[in-house]
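Colleague: I would like to go through this model with you and ask what stands behind the terms used for it. Please set each value against its cut-off.

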Amino acid sequence: MRGSGELEAVVMRRIWDRDGRATVREVMSDLQPIAYTTVLTVMENLRRKGRLDRTPAGRAYCYIAVTGRNEYVAGLMRQTLDDSDNSGLALSHFVRQMTVEDAADLRQALALHAGDSPLDRSGGYSDNASGAQDT
């Protein structure tokens, strides 16, 4: 059986794959044999966490992704780091597992965040401030 965090991630992927909008039944059809009530509970939990919004769609609701994939993953990384009892050590372990390309991306992101990057905003990163979905 999947853990709740893993199921949340799967549900979010299914919603993003449907252009950021889906009903419970649409998501459930992708996740057989998981029960409708299980998918509904997961989607409502994601809504309470602020990761989904919903609008009426006939007798059901259409759930809408509030964040893009990359912003969602960053939130999971932040949550995981917060769960550590030694964030510096956790980061050290994480960095050791990075590829050379990941490390270059990290350096670029840190420079961009510090405001001293030679890259402009078109350097491949989205701050999602406009509400646009990132991928």
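Modeller: Helices, of at least four residues, and strands, of at least two, are DSSP runs numbered from the N terminus. Read in that way, the chain follows the pattern α-β-α-α-β-β-α-α-α along the sequence. This is a predicted model.

Colleague: How many helices and strands does the chain have?

Modeller: The chain has six helices and three strands.

Colleague: What makes the three strands a sheet, and in which order do they stand?

Modeller: Two strands pair if DSSP finds at least two bridges between them. E2 and E3 have six bridges, and E1 and E3 have three, so both pairs meet the cut-off of at least two. Both pairings are antiparallel. The result is an open sheet in the order E1-E3-E2.

Colleague: Why do E1 and E2 count as the edges?

Modeller: Each of them has a single partner strand, so one side of E1 and one side of E2 are left without a neighbour in the sheet. From one strand to the next, the twist averages 30 degrees.

Colleague: Which residues stand opposite each other in E1 and E3?

Modeller: Arg21 stands opposite Ile64 of E3, and Ala22 stands opposite Tyr63 of E3. On the E2 side, Asp53 has Ile64 in E3 as its bridge partner, and Leu52 stands opposite Ala65.

Colleague: What lies between E2 and E3?

Modeller: Two residues lie between them, and the two strands form a hairpin. In the turn, Gly58 has a positive phi of about 70 degrees. A positive phi is also found at Asp19, just after H1, at about 60 degrees.

Colleague: Why is H1 called roughly perpendicular to H3?

Modeller: The axes of H1, residues 4-17, and H3, residues 36-48, come within 10 Å and cross at roughly 85 degrees. Angles of 65 to 115 degrees count as roughly perpendicular, so H1 is put in that class relative to H3.

Colleague: Which residues make that contact?

Modeller: From H1 they are Leu7, Glu8, Val11, Met12 and Ile15, and from H3 they are Thr38, Val42, Met43, Asn45 and Leu46. By class, the contact has seven nonpolar, two polar and one charged residues.

Colleague: How do H1 and H3 lie relative to the strands?

Modeller: H1 lies across E1, E2 and E3 and runs at about 90 degrees to E3. H3 also lies across E1, E2 and E3, and runs at about 120 degrees to E2.

Colleague: How does the span of H1 compare with the expected value?

Modeller: H1 has 14 residues and reaches 20 Å from its first C-alpha to its last, close to the 20 Å expected at 1.5 Å a residue.

Colleague: Which residues of H1 are buried, and what covers them?

Modeller: The buried residues in H1 are Leu7, Glu8, Ala9, Val10, Val11, Met12, Ile15 and Trp16. Their cover includes strand E1 (21-23), helix H2 (24-30), H3, strand E2 (52-57), strand E3 (60-65) and helix H4 (69-83).

Colleague: Glu8 is a charged residue. Why does Glu8 count as buried?

Modeller: Buried means under 20% relative accessible area. Glu8 is at 8% relative accessibility, so it counts as buried. Leaving out residues up to four places away in sequence, Glu8 touches Val42, Asn45, Leu46, Lys49, Arg51 and Tyr72.

Colleague: Why is Met43 called buried?

Modeller: Met43 is found in helix H3. Its relative accessibility is 0%, so Met43 counts as buried under the cut-off of 20%.

Colleague: What does Met43 touch, leaving out residues up to four places away in sequence?

Modeller: Met43 touches Val11, Ile15, Ala22, Thr23, Val24, Val27, Leu52 and Tyr63. Take Thr23: Met43 and Thr23 are 20 residues apart in sequence and 9.4 Å apart in space, C-alpha to C-alpha. They still count as touching because contact means heavy atoms within 4.5 Å.

Colleague: What are the corresponding totals for the chain?

Modeller: Of its 135 residues, 27% count as buried. Of the contacts in the chain with a separation of 6 or more, 45% are between residues 24 or more positions apart.

Key. Residues are numbered from 1 along each chain as its sequence is written. This is a predicted model: local features need pLDDT of at least 70, side-chain atom pairs count only at pLDDT 80 or more; totals for chains, interfaces and linings use all residues. Side-chain values use heavy atoms; hydrogens and water are left out. Axes are lines fitted to C-alpha atoms, for helices over the stretch in contact, and angles run from 0 to 180 degrees between N-to-C directions. Angles under 35 degrees count as roughly parallel, over 145 as roughly antiparallel, 65 to 115 as roughly perpendicular and the rest as oblique. Buried means under 20% relative accessible area, exposed over 50%, partly exposed in between (1.4 Å probe, protein chains only). The expected span of a helix is 1.5 Å times one less than its number of residues.
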